[in-house]
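Open the model in your viewer and keep the selection box handy. We will walk from the whole chain down to single residues, one stop at a time.

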Amino acid sequence: MNQLIQLKKTALVFLVAVVCFRLFADTVSGQTPTPTLTPTPTPTPIGIGSFVIGDLDAVVGNHVTFWGAQWWKLNHLSGGSAPASFKGFANSPDPNPPACGGTWQSGPGNSSGPPESVPADITVIVSSLITKSGPIISGDVPEMVIVHTDPGYEPNPGHEGTGTVTAVVCQSVPNDFNNDGYPDYLLNNVNTGGTVVWYMRNNVHLGSAPGPTVPAGWRVAGVVDFNGDNHPDYLLYNASTGGTVVWYVRNNVHIGSAPGPTVPAGWILAGVGDFNGDDQPDYLLFNPTTRGTVIWYMNNNVRIGSTHGPMLPAGWEVAGVADFNRDVHPDYLLFNPATRGTVIWYMNNNIHVTSIYGPTLPAGWSVVAP
């Protein structure tokens with residue numbers, strides 16, 4: 001999702017720790033949106049379960065394969081290849097019917113019980129990660145789309161089910177505390193440690209709820225779902241000790257904690273994002289002295305590996321991490337406090353691919369989060 005650069009007024013006591021909402025481009029530009037003249041087709045339910053396609057193929061207009069013996073070769077997932085035994089049908093979604101942010105399980109081959117036929121338009125699960133443990137195949141549901149089906153489908157995997165993506169039904173939204181499909185604000189009072197969730201509808205504040213109080217010496221460094229329960233959690237960071245802690249949160253309620261790795265002296269925790277595409281948020285570290293960056297690959301609160309990222313030029317710092325160009329790879333947002341300039345470094349895991357200048361910030365303001 002494209003996200004606007006958020007700003008912090010230096011005199012404010014409350015900081016917007018993580019802000020991830022988008023103003024529609026037509027509203028920002030002052031232009032009147034042009035209404036679509038083509039109605040979205042209404043999909044016909046196919047019974048229990050749903051077909052699946054890979055997230056990298058789930059683009060409106062793409063021709064996709066949702067069922068077939070070579071499903072794992074014909075579908076592309078940001079989390080890596082699917083098991084070869086998965087043929088494209090998820091017979092046990094959770095919840096059922098499936099919903100964005102949910103999960104699913106299924107069996108191999110046509111033991112998954114695909115329907116005898118498919119209607120002209122079906123709702124299809126989009127998955128970014130599919131794994132197999134014994135006979136059980138499991139996947140996520142970050143998105144759902146409508147597919148207009150082609151003739152030729154049969155429940156035998158040798159007769160492929162294909163079609164064209166015509167519309168997006170839903171997408172799981174980061175930093176959506178109340179699961180209403182809209183990202184929310186998390187405010188953190190640097191003096192009291194208090195947190196407050198502001199429930200948002202686009203740019204409109206609908207309501208608030210107090211969150212847990214952060215202990216002295218700690219701050220909220222990021223908001224992301226660490227334990228895969230489809231609820232954003234707090235990542236706390238202590239700049240003096242380098243300590244990190246994950247606070248598992250359900251809406252505005254703190255339900256548990258787990259210690260994370262300690263950031264070494266000389267380094268700071270600069271951002272959080274899934275750099276290696278395994279559906280686990282990773283740490284981005286930055287060393288202001290050497291200008292170096294390092295990615296710590298995480299599994300929930302456990303560090304499982306690391307790799308060096310690019311060196312930053314003098315005068316620049318990492319202001320945040322976000323997928324600006326929607327290629328499923330988090331990018332660096334750089335900020336130069338002296339010139340007020342911003343630059344986006346497009347990344348592929350730990351590799352700097354290319355760059356583009358962002359807007360220059362007005363005096364007295366700095367970037368809080370992308």
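**The whole chain**

Start with everything selected: of the 370 residues in the protein chain, 47% count as buried. Keep in mind throughout that this is a predicted model. Switch to a cartoon view, and the secondary structure of the chain comes to two helices and 28 strands. Among contacts with a separation of 6 or more, residues 24 or more positions apart account for 48%. Add a surface if you like: the protein chain exposes about 16800 Å², and carbon and sulfur atoms supply 56% of that area.

**Colour by confidence**

Next, colour by pLDDT. The mean over the protein chain is 86, and 87% of its residues reach 70 or more. Now select residues 1-38, where the pLDDT is below 50; beyond near neighbours in sequence, this stretch still has 82 contacts in the model. Where pLDDT is low, the predicted coordinates should not be read in detail.

**An aromatic cluster**

Show the rings of Phe, Tyr and Trp. How many aromatic pairs does a search of the whole structure find? The search gives 12. Zoom in on Phe51 and Trp67, an edge-to-face pair with 6.2 Å from centre to centre and 70° between the planes. Phe51 belongs to strand E3 (residues 50-54) and Trp67 to strand E4 (residues 63-67), so this pair links distant parts of the chain, 16 residues apart. Both Phe51 and Trp67 are buried.

Stay on Phe51 and add Tyr153 to the selection. These two rings also form an edge-to-face pair, at 5.6 Å centre to centre with 80° between the planes. Phe51 lies in strand E3, while Tyr153 sits in the loop between strand E11 (143-149) and strand E12 (161-171), so the pair ties together parts that are 102 residues apart in sequence. Are these two residues buried or exposed? Phe51 has 0% relative accessibility and counts as buried. Tyr153 is buried as well, with a relative accessible area of 10%.

To see the wider group, select Phe51, Phe66, Trp67, Phe89 and Tyr153 together: ring pairs link them into a cluster.

**A charge over a ring**

Now move to Trp296 and display Arg303 with it. Arg303 lies over the face of Trp296, at 4.3 Å from the ring centre.

**The loop between E6 and E7**

Select the loop between strand E6 (92-94) and strand E7 (103-106), where Pro95 is found. Look at the backbone here: a cis peptide bond joins Asp94 and Pro95, with omega about 5°. Step along to Pro97, which is also placed in the loop between E6 and E7. A cis peptide bond joins Asn96 and Pro97 too, again with omega about 5°. For context, most peptide bonds are trans.

**The disulfide**

Keep that loop on screen and select Cys100 and Cys170. A disulfide joins them, with an S to S distance of 2.0 Å. The count of disulfides comes to one. Which parts of the chain does the pair tie together? Cys100 lies in the loop between E6 and E7 and Cys170 in strand E12, so the bridge connects parts that are 70 residues apart in sequence. Measure the torsion about the S-S bond of Cys100 and Cys170 in your viewer: the value is about 90°, so the disulfide is right-handed. Both ends are partly exposed: Cys100 has 23% relative accessibility, and Cys170 has a relative accessible area of 22%.

**Two positive phi angles**

For the last stops, bring up the backbone torsions. Select Arg291, in the loop between strand E21 (282-286) and strand E22 (293-299). Arg291 has a positive phi of about 70° although it is not a glycine. At 17% relative accessibility, Arg291 counts as buried.

Then jump to Asn349, which is found in the loop between strand E26 (342-348) and strand E27 (351-357). Phi of Asn349 is near 60°, a positive value in a residue other than glycine. Is Asn349 buried or partly exposed? With 21% relative accessibility, Asn349 counts as partly exposed, since buried means under 20%. As a backdrop to both stops, most residues other than glycine have a negative phi.

Note on methods:
Residues are numbered from 1 along each chain as its sequence is written. This is a predicted model: local features need pLDDT of at least 70, side-chain atom pairs count only at pLDDT 80 or more; totals for chains, interfaces and linings use all residues. Side-chain values use heavy atoms; hydrogens and water are left out. Rings of Phe, Tyr and Trp (its six-membered ring) pair if their centres lie within 6.5 Å; planes under 30 degrees apart count as stacked, over 60 as edge-to-face and the rest as tilted. Helices (H or I, at least four residues) and strands (E, at least two) are DSSP runs, numbered from the N terminus. Buried means under 20% relative accessible area, exposed over 50%, partly exposed in between (1.4 Å probe, protein chains only). A charge sits over a ring if NZ of Lys or CZ of Arg is within 6 Å of the ring centre and within 35 degrees of the ring normal. A disulfide is a pair of cysteine sulfur atoms within 2.5 Å. Contact means heavy atoms within 4.5 Å. Accessible areas come from the Shrake-Rupley method with a 1.4 Å probe; for residues, only the protein chains shown count as cover. pLDDT is the predictor's confidence in each residue, from 0 to 100.
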